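Biologist: I should like to take a close look at a single part of this protein and then see how that part fits into the whole. Please guide me through it in connected prose suited to a first-year student.

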Amino acid sequence: MKKLVMLVTVVLTVAMAAVCFAAGDGNDLNKQQKIVDKFVAALTVADDSGYAGAAAGFSPELKQKMDVKAFAALQKQVKDTLGTMKEMKFVAYERFDQGDQGDRLTYLGSYSKQQLVRVIYGFNKESKLTEIIFVPVEVQKQEQK
């Protein structure tokens, strides 16, 4: 009986420790996902009104590279090459603790002109957006035998 009580105690202690360690990562993930949501919403707006909301989550370096004109060009490029967004699903959260790297969130999106697109959002240590990468994924159909 003592062994069973000790086993249950150890399992519960390890489980609680794992939950506590993940709490910090969860807060960062939530903050970064809100920034991504604002960016995606701003991409779908037809005019420049969405830029201000999206730019609030940009790192200083990204703000220098992507002003209102560059953001409008990105909107046009996404619309011309990918079409309009149908769906966007979160698939991966990568945490980098080495050097000055931050975090990376990966989403899979479906667009009207491109069936599957991997969208990667890079963040710095302060949870500010540093990069956005759109990677169209070619889906190969299997031949049926």
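Modeller: Let us begin with Glu 61, which is partly exposed, because its relative accessible area is 48%, and values between 20% and 50% count as partly exposed. The model in which we see this residue is a predicted one. Glu 61 belongs to helix α3, which covers residues 60–65. Along the sequence, Glu 61 and Lys 128 are 67 residues apart, yet in space their C-alpha atoms are 10.0 Å apart.

Lys 128 leads us to another residue, Phe 58. Leaving aside residues up to four places away in sequence, Phe 58 touches Lys 128 and Leu 129, and also Phe 39, Tyr 51, Lys 63 and Met 66. Two of these partners, Phe 39 and Leu 129, appear again when we turn to the largest nonpolar core. That core has 26 residues, and those that touch the most other members are Phe 39, Phe 58, Tyr 121, Leu 129 and Ile 132. At least two residues of the core come from each of these elements: α1 (2–44), α2 (51–55), α4 (68–81), β2 (103–111), β3 (117–123) and β4 (129–136). The greatest contribution is that of α1, which gives seven residues. As a general point, nonpolar side chains tend to be buried together in soluble globular proteins.

Next to Lys 128 in the numbering is Ser 127, which deserves a separate look. Ser 127 is placed in the loop that lies between β3 and β4. Its phi angle is positive, at about 60°, although Ser 127 is not a glycine. Is Ser 127 buried or exposed? With a relative accessible area of 4%, Ser 127 is buried, because anything under 20% is counted as buried. The turn that holds Ser 127 is part of a hairpin, in which five residues stand between β3 and β4.

This hairpin takes us into the sheet. Four strands make up an open sheet in the order β1-β2-β3-β4, with antiparallel pairing. Its edge strands are β1 and β4, each of which pairs on one side only. On average, neighbouring strands of the sheet are turned by 20° against each other, with direction ignored. In general terms, the strands of a sheet pair through backbone hydrogen bonds, in either a parallel or an antiparallel manner.

We may now follow the pairs across the sheet. Strand β1, residues 85–95, is joined to β2 by nine bridges, and the two run antiparallel. Within this pairing, Phe 90 has Tyr 107 of β2 as its bridge partner. Between β2 and β3 there are seven bridges, again in the antiparallel sense. Here Gly 109 stands opposite Val 117 of β3, while Arg 104 has Gly 122 of β3 as its bridge partner. A hairpin of five residues also connects β2 to β3. Finally, seven bridges link β3 with β4, which run antiparallel, and Ile 120 stands opposite Ile 133 of β4.

How are the strands β2 and β3 covered? Of the nine residues of β2, seven are buried, so this strand is largely enclosed by the rest of the structure. Strand β3 is mostly covered as well, with six of its seven residues buried.

It remains to set these parts within the chain as a whole. The secondary structure amounts to four helices and four strands, and from the N terminus onwards the elements follow the order α-α-α-α-β-β-β-β. The chain has 145 residues, of which 29% are buried. Among contacts with a separation of 6 or more, 45% are between residues 24 or more positions apart. The exposed area of the chain is about 10,100 Å², and carbon and sulfur atoms supply 57% of that area.

Conventions: Residues are numbered from 1 along each chain as its sequence is written. This is a predicted model: local features need pLDDT of at least 70, side-chain atom pairs count only at pLDDT 80 or more; totals for chains, interfaces and linings use all residues. Side-chain values use heavy atoms; hydrogens and water are left out. A nonpolar core is a set of buried Ala, Val, Leu, Ile, Met, Phe, Trp, Tyr and Cys residues joined through side-chain atoms within 4.5 Å. Buried means under 20% relative accessible area, exposed over 50%, partly exposed in between (1.4 Å probe, protein chains only). Contact means heavy atoms within 4.5 Å. Two strands pair if DSSP finds at least two bridges between them. Axes are lines fitted to C-alpha atoms, for helices over the stretch in contact, and angles run from 0 to 180 degrees between N-to-C directions. Accessible areas come from the Shrake-Rupley method with a 1.4 Å probe; for residues, only the protein chains shown count as cover.
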